[in-house]
Amino acid sequence: MVSNRESARRSRERKQKHLDDLTAQVAQLTEENGQILTSINITTQHFLSLEADNSILRAQVGELSNRLDSLNDILQFLTATATPSPPTTADGGGYFGFEYEAPAAAAVMAEQQHCCFMNNMGFLNHQPLMASAAANDVFLVN
């Protein structure tokens, strides 16, 4: 009878120890779960912030592409209309039916002024504009 009582006591102690171990494990897993959820929330917020920044950058790329296309169109127009020579009698007449022939020195000077104007702006003839990743560059001539 004493042996049975001792055996029952040891069995109760083992069960209590097992219960205490399981309770400690639940507490540890609950803490780890909380840390993981916090990490997921921080990562989600970071992702949403980056996604918003990415959307802004995509919009800016579209806007800058349109501006670049417009600048290339302007540049193309400027190079296409670069100091046209006035019509001469060889072209079938002058301005308003009058014959006109520009002096050779004036034509050369007009061409030089055009080139200086274009070069001072940083453009070279027949070179399209290209976008640049540098923060200080507005546009580059390629």
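I take helices to be DSSP runs of H or I with at least four residues, numbered from the N terminus, and I keep in mind throughout that I am reading a predicted model.

Overall layout. I looked first at the secondary structure and counted two helices and two strands in the protein, which follow one another along the sequence in the pattern α-α-β-β. Helix α1 covers residues 2–80.

Annotated span. I then turned to the UniProt record, an unreviewed entry, where residues 5–32 are listed as "coiled-coil region". In the model I find this span to be 100% helix and 0% strand, and I note a distance of 41 Å between the C-alpha atoms at its two ends.

Burial and contacts. I looked up how much of the chain is covered, and found that 7% of the 142 residues count as buried. The protein exposes about 11800 Å², of which carbon and sulfur atoms supply 60%. Among contacts with a separation of 6 or more, I found that 40% join residues 24 or more positions apart.

Surface patch. Which residues make the nonpolar surface patch of about 280 Å²? I traced the patch to I36, L37 and I40, and I placed L37 in helix α1. I also checked the exposure of L37, whose relative accessible area is 46%; because partly exposed residues are those between the buried limit of under 20% and the exposed limit of over 50%, I enter L37 as partly exposed. The value for L37 also fits its place in the patch, because patch residues need over 30% relative accessible area and L37 has 46%.

Note on methods:
Residues numbered from 1 in each chain as written. Predicted model: local features only at pLDDT ≥ 70, side-chain atom pairs only at ≥ 80, totals over all residues. Heavy atoms only, no water. Patch = residues over 30% accessible without salt bridge, like charges linked within 9 Å, V, L, I, M, F, W, Y side chains within 5 Å. Areas by Shrake-Rupley, 256 points an atom, 1.4 Å probe, with all protein chains shown as cover. Salt bridge = Lys/Arg side-chain N within 4 Å of Asp/Glu carboxyl O. Buried < 20%, exposed > 50% of the residue type's maximum accessible area, 1.4 Å probe, protein only. UniProt positions renumbered as here; feature names shortened; annotations may be inferred. Contact = heavy atoms within 4.5 Å.
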